[in-house]
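Reader: I would like a close look at one part of this structure, and then to see how that part sits in the whole. Please take it slowly, with each term explained.

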Amino acid sequence: MSKSPQFSRRTVLQGAGASALLMLIAACSDSAKNATAPGSTSPGATGPGTTAAGTTTTVAASAQDIELLTVALPSSLSNLYPGKEAGIFNYYVATLVSEGLVSPDSNGTLVPALAEKWEQPTPTTYVYTLRADAKFSDGTPVTADDIVYSVGLSKDDKVSPNTAYYWANVKSAAKTGANEVTITLTEPDVAFEWGPAASNALWVTSKKYVEAHKGELGTPTSLLFGTGPYKVTKFQPDSMVELERVDTWWGGKAPVKTVRINFIPEETTRILARKSGDVDLAISISLDQLKQWEGTDHTKVLTAPDRSYVGIDFNTAVAPFDDIHVRKAIAYACNRKAYVEKLLGGHGEVATALTTPLQLETIMSPTEARTALNLLDLPYDLDLAKAELAKSKVPTGFTTKVEISSSAPQVSSAFQALAQAVKPLGIIIDIKEVPVEEWYNTIASKDFGLAYMWYFNTTGDPAELATWFFGDGNPASYKNPAVTALMASSKKETDPKKRAQIIIDAQKTALADVPYVPLWWGEAAIAINDKYTVKDFGSYTFLSPWTPRILTVG
Amino acid sequence: MTRPRLRSPLARFVLVRLAATGLLLLVISFVVFALLHLTPGDPARNLLGPKPQTPELLASIRAKYHLDESFFRQYLLWLRNVLHGDFGTSIRSDTAVTTLLSERVLLTAQLAAMAFVLTVGLAIPLGIAAAWRAGSGFDRSLSVGAIVGVGAPTYAVGLLLLYVFGVWLGWFPVYGSGDGGLDRIWHLALPAVTLAAGIGALVFKLTRTAVVGELDQDYVAFAVSRGLSRRQIRSIVLRNALIPITTSLGLVFAFLFGGTILVEVTFALQGIGSLLASSVTFKDLPVVQAITLLTAAVIAFTALAVDLLYYAIDPRVRKQQVR
């Protein structure tokens with residue numbers, strides 16, 4: 001899942017070059033604030049395995065009716081249907097309006113949504129029984145035909161370019177009973193179970209509605225239409241979306257009546273909006289400005305691991321990165337512990353695999369997950385780096401380039417540190433900050449031997465990133481028959497623990513060839529009006545109907 | 001059959017200008033199309049973002065938006081549709097460009113208009129007053145203020161105003177565009193002041209210079225010696241000084257309309273400036289084309305309006321045309 005394209009604050013601020021004034025404003029805002037309000041403590045970094053960070057407050061909180069909740073997202077949405085635009089924030093809005101057949105709970109375990117139950121009679125067949133009380137927001141009942149139609153929409157690469165990929169292995173979706181839909185796969189794939197969720201690749205909508213709107217969905221003239229606790233009442237692309245509670249949701253009445261979601265790309269403006277009380281909840285706040293958020297009155301900051309992965313990609317088809325000694329030399333020069341401590345301020349964890357620990361925590365303890373994922377034997381050691389380079393085809397060094405999205409300042413800093421570390425070895429890395437779209441074009445490009453990946457896992461499936469990174473068309477042009485065979489067998493293994501082990505083995509084998517160097521697993525942070533709190537804040541919080549998790553303090 | 005001839009020089013002038021404007025827009029559309037084509041990046045990959053991309057999927061997206069056609073064919077397809085009134089569909093949002101632009105154009109136009117009213121309403125009277133008292137403390141302090149206004153970066157002024165009036169005093173909202181009517185004006189007040197600050201300072205200096213220049217003319221000394229009243233002299237001087245000021249105002253409006261981007265980003269306003277910025281980096285061709293053409297058309301028609309106004313207020317121009 002990508003972060004939505006955005007016009008970055010940094011691109012505006014760079015070149016304008018009057019950061020002094022910004023500092024002045026920051027200083028003013030610090031001196032202007034009163035003593036921190038009770039309850040507005042920032043929990044700081046969380047220990048491994050803590051899914052709900054920041055719930056340090058002892059004040060009792062309960063679900064109460066909230067007339068209006070104003071939310072600020074850091075980037076714009078231009079279409080509300082995630083099949084069309086699949087930034088992480090598109091999902092956060094869509095999960096309030098639309099549902100899939102299944103849904104992840106706050107730990108990432110799949111639970112019923114529109115399907116009250118489902119079973120897998122054969123490795124390639126999934127049978128979903130629909131709940132009888134499911135209705136669209138206009139009161140019409142959901143039929144099996146609507147489900148089949150919605151799967152078709154999500155599978156159509158013209159309507160849903162962002163989700164068609166997930167359905168490539170689906171042979172058919174058919175109505176097999178009044179309240180039953182059967183999905184048949186071409187070949188077994190255990191990870192498919194995640195597909196029909198609104199957090200991934202299915203947003204059930206009404207056939208009648210979409211056909212009446214000429215096949216359009218998610219635009220201002222054809223608003224996203226679904227079965228969730230809210231309906232869209234107003235959508236101005238790139239500006240705001242307003243949701244109104246409906247009484248047709250099978251799950252009951254949501255506690256928040258109106259949710260107004262504004263898109264505020266400029267982080268300083270977002271902080272000011274929270275200060276003035278215009279915004280209750282700021283989602284995905286910048287770790288760069290965590291201190292300013294924490295210093296804002298009546299504001300509570302919550303952080304939690306977010307299943308994101310950051311790491312280096314070497315394109316092994318591009319010289320000199322076709323040489324494993326070169327890749328190892330750079331890997332040894334990565335001081336990953338320092339990146340997490342210094343650049344992220346501890347809001348992250350040193351990554352030792354592609355799979356994030358949270359994706360294993362549904363089947364093992366956090367400690368076991370970290371032990372299982374400890375797959376990397378590449379300590380920070382410049383002597384080893386030097387020795388590896390000496391063994392390579394370019395023993396005296398080389399010059400290379402890397403392009404980094406301006407929306408990823410921490411990645412940029414990490415590469416600056418890396419460039420400094422390898423300079424004495426004769427390796428010169430030219431770093432260029434570019435708009436996020438330009439970064440997309442460096443992934444798997446033959447023009448770049450050195451690139452990076454910042455990936456948000458959408459599912460709890462431990463194979464999610466590995467499937468892409470070891471499959472056809474992967475960013476490293478990496479091919480290893482042993483790894484391919486392991487990944488293929490993982491798709492057929494239905495025992496979750498055995499399957500996880502196969503995926504771990506595949507990563508162990510592949511990472512020994514160093515096509516990728518995991519750097520860190522990330523954390524997400526939100527800031528919320530201290531009148532409220534978020535129950536069990538974690539990486540799945542906003543991926544299912546989430547307003548019932550907003551509790552009122554006191 | 002004789003061809004109808006345009007007797008009126010004014011009508012001929014307008015027609016020639018309109019034809020030239022049409023040609024200009026055509027050239028601009030081609031140049032922008034070509035420039036965007038030359039910049040690195042691939043809209044199909046931008047649409048997918050960092051996730052697995054099969055060659056088939058990329059090919060399918062490219063086919064949908066004709067990105068697989070040759071450059072000239074893409075341009076001609078676009079041009080043909082535009083001539084039929086179809087500005088196409090945004091690649092990024094899959095929304096008709098006209099739908100996407102309608103609300104944003106209104107917002108940007110309102111913002112530019114408010115900034116324009118502020119500029120004209122404050123900068124010109126202050127410029128005249130300063131010129132009248134040239135060299136006084138009043139004049140000097142205004143001139144220093146104008147230098148600060150011209151020099152201060154737009155976004156810095158915006159953030160400062162946001163902090164002081166939005167957060168500290170709490171008089172104005174800190175983001176968004178409001179619900180129309182008075183609420184819209186209230187929401188656009190700080191952005192309009194921000195936008196007007198730099199250009200207003202410029203108009204102030206221009207007005208002051210023009211009026212001071214006129215006051216130095218011999219005819220003023222002559223009028224004074226003939227014993228004309230201050231009021232009469234002021235009316236003559238202002239009428240003469242009006243010509244350069246009017247011409248500049250046309251440019252001011254065009255500048256305001258096309259220069260809202262930094263203000264829009266700072267105040268989280270969704271006008272055409274912020275849309276243009278994100279569309280350029282995304283390579284969302286239909287949107288970029290529509291916005292650049294719209295902005296160019298506004299500038300061209302404003303320039304035409306200014307020339308007509310010039311014609312109306314300066315008898316010398318009228319006489320030249322008739323001769």
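What is the order of the strands in the open sheet of three strands in chain A?

Author: A word on the source comes before the sheet. This is a predicted model, in which local features need pLDDT of at least 70 and side-chain atom pairs count only at pLDDT 80 or more, while totals for chains, interfaces and linings use all residues. Residues are numbered from 1 along each chain as its sequence is written, and chains are lettered from A and ligands numbered from 1 in the order in which they are written.

The order of the open sheet is S1-S20-S19 in chain A, and its pairing is antiparallel. Strands here are DSSP runs of E with at least two residues, helices are runs of H or I with at least four residues, and both are numbered from the N terminus. Two strands pair if DSSP finds at least two bridges between them. Strands of a sheet pair through backbone hydrogen bonds, either parallel or antiparallel.

Strand S1 (61-62) and strand S19 (532-534) of chain A are the edges of this sheet; each has a single partner strand, so one side of each is left without a neighbour in the sheet. S19(A) runs antiparallel to strand S20 (residues 550-553) of chain A, and three bridges join them. Within this pair, A:Tyr532 stands opposite A:Thr552 in S20(A).

A residue of S19(A) also leads to the core. A:Val534 is one of the residues in contact with A:Ile526, leaving aside neighbours of A:Ile526 within four places in sequence; the others are A:Leu281, A:Ala282, A:Ile283, A:Ser284, A:Ile285, A:Leu302 and A:Phe537. Contact means that the C-beta atoms of two residues, placed from the backbone, lie within 7 Å. A:Ile526 is, with A:Leu80, A:Val93 and B:Leu256, among the residues with the most contacts inside the largest nonpolar core, which has 234 residues. Helix H5 (residues 97-132) of chain B gives the most to this core, with 15 residues. Domain 1 (48-95 + 212-304 + 524-553) and domain 2 (98-207) of chain A both contribute residues, so the core lies between them. Such a core is a set of buried Ala, Val, Leu, Ile, Met, Phe, Trp, Tyr and Cys residues joined through C-beta atoms within 7 Å. Buried means that 20 or more other C-beta atoms lie within 10 Å of a residue's own, exposed means 12 or fewer, and partly exposed is in between; these C-beta atoms are placed from the backbone.

The domain bounds come from an automatic or database domain assignment. The C-alpha centres of domain 1 and domain 2 of chain A lie 25 Å apart. Where they touch, 26 residues of domain 1 of chain A are in contact with 28 residues of domain 2 of chain A. On the domain 1 side, helix H3 (residues 88-97) of chain A gives the largest share, three residues.

Two other strands of chain A show what enclosure looks like. Six of the eight residues of strand S11 (residues 256-263) of chain A are buried, so S11(A) is largely enclosed by the rest of the structure. Strand S2 (residues 66-73) of chain A pairs with S11(A) in the parallel sense over seven bridges, and A:Thr70 stands opposite A:Arg260 in S11(A). Strand S10 (residues 240-245) of chain A pairs with S11(A) in the antiparallel sense over five bridges, and there A:Glu244 has A:Thr258 as its bridge partner.

In S17(A), seven of the seven residues are buried, so this strand too is largely enclosed. In a regular strand the side chains alternate between the two faces of the sheet. A:Leu450, A:Tyr452, A:Trp454 and A:Phe456 are on one side of S17(A), and A:Ala451, A:Met453 and A:Tyr455 are on the other. Strand S13 (residues 299-314) of chain A pairs with S17(A) in the antiparallel sense over seven bridges; in S17(A), A:Met453 is the bridge partner of A:Gly311.

Now the whole. Chain A has 16 helices and 20 strands, and buried residues make up 55% of its 554 residues. The contact between the chains takes 52 residues from chain A and 52 residues from chain B. Helix H2 (19-32), helix H6 (267-275), helix H13 (436-440) and strand S17 (450-456) of chain A are the elements that give two or more residues to the chain A side. For the complex, the predictor gives an ipTM of 0.73 and a pTM of 0.81.
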